[in-house]
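Subject: Structure for you to look at

Hello,

Here is the structure I said I would pass on. Please open it and keep it beside this email while you read.

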Amino acid sequence: QAESRFARDVWLWTNTLNWRFSPVLSGSFTFGLERGLFDDVFFEQLFDEPRADLAIRARGVLDWQFAPNWRLQYALGYRRNSTDVSVFEFDRVETSLGLQHFWQ
């Protein structure tokens, strides 16, 4: 909300590269930066400047179509959030495994 002291402006830049290794195997790599600028001071008891965050993200995905209408997808990602409010600073590794079936 515009009048909230927790409102922020966010800009995001991402770049993705895709590869097709074969008719059944593909991959992608995404890298991005996210900047968040808050409208007001966050935790004014401890800080005297508005909060600002910078997140760096990277994610790789492998996608394998192992049978007609079936796909297996594995993803590995990393995110680092840097901020001037230390309680919101973190490094995170994420992984996922997905199985999809397509009905036609």
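Below is what was found in it, starting with the chain as a whole and then going to single side chains.

Please keep in mind that this is a predicted model.

Overall picture

The protein chain has five strands and zero helices. Followed along the sequence, the pattern reads β-β-β-β-β. Of its 104 residues, 20% count as buried. The chain exposes about 7,800 Å², and carbon and sulfur atoms supply 57% of that area. Of the contacts with a separation of 6 or more, 47% are between residues 24 or more positions apart.

Salt bridges

How many salt bridges does a search of the whole structure find? The search finds five. Three of the residues involved, Glu34, Arg57 and Arg79, are linked in a network.

Take the side chains of arginine 57 and glutamate 34, which meet at 2.3 Å, N to O. Arginine 57 lies in strand β3 (residues 50-67) and glutamate 34 in strand β2, so this salt bridge ties together parts that are 23 residues apart in sequence. Is glutamate 34 buried or exposed? Glutamate 34 has a relative accessibility of 12%, and because buried means under 20%, it counts as buried. Arginine 57, at 30%, counts as partly exposed.

Glutamate 34 also meets the side chain of arginine 79 in a salt bridge, at 3.8 Å, N to O. This pair links distant parts of the chain, with arginine 79 in strand β4 (residues 70-83), glutamate 34 in strand β2, and their positions 45 residues apart. Arginine 79 counts as partly exposed, at 22% relative accessibility.

Another salt bridge joins the side chains of arginine 92 and glutamate 94, at 3.7 Å, N to O. Arginine 92 is partly exposed, with 36% relative accessibility, and glutamate 94 is partly exposed as well, with 39%.

Aromatic rings

A pair of aromatic rings is described by two things, the distance of the centres and the angle of the planes. The count for this structure comes to three aromatic pairs. One of them is formed by tryptophan 64 and phenylalanine 66, which are 5.3 Å apart centre to centre with 45° between the planes, a tilted pair. Phenylalanine 66 also pairs with tryptophan 70: the ring centres are 6.3 Å apart and the planes stand at 35°, so this pair is tilted too. Trp64, Phe66 and Trp70 form one aromatic cluster.

How accessible are the members of this cluster? Tryptophan 64 is partly exposed at 41% relative accessibility. Phenylalanine 66 is partly exposed at 37%, and tryptophan 70 is partly exposed at 33%.

Two phenylalanines

Phenylalanine 21 is found in the loop between β1 (8-20) and β2 (25-41). Leaving out residues up to four places away in sequence, phenylalanine 21 touches Ser26, Gly27 and Leu62. Its C-alpha atom is 10.0 Å from that of tryptophan 64, although the two residues are 43 residues apart along the chain.

Phenylalanine 90 is found in strand β5 (residues 90-101) and counts as partly exposed, at 27% relative accessibility. With residues up to four places away in sequence again left out, phenylalanine 90 touches Arg79, Arg80 and Asn81. From C-alpha to C-alpha, phenylalanine 90 and alanine 55 are 9.3 Å apart, with their positions 35 residues apart in sequence.

Regards

Terms used: Residues numbered from 1 in each chain as written. Predicted model: local features only at pLDDT ≥ 70, side-chain atom pairs only at ≥ 80, totals over all residues. Heavy atoms only, no water. Helix = DSSP H or I, 4+ residues; strand = E, 2+ residues; numbered from the N terminus. Buried < 20%, exposed > 50% of the residue type's maximum accessible area, 1.4 Å probe, protein only. Contact = heavy atoms within 4.5 Å. Areas by Shrake-Rupley, 256 points an atom, 1.4 Å probe, with all protein chains shown as cover. Phe/Tyr/Trp six-rings, centres within 6.5 Å; stacked < 30°, edge-to-face > 60°. Salt bridge = Lys/Arg side-chain N within 4 Å of Asp/Glu carboxyl O.
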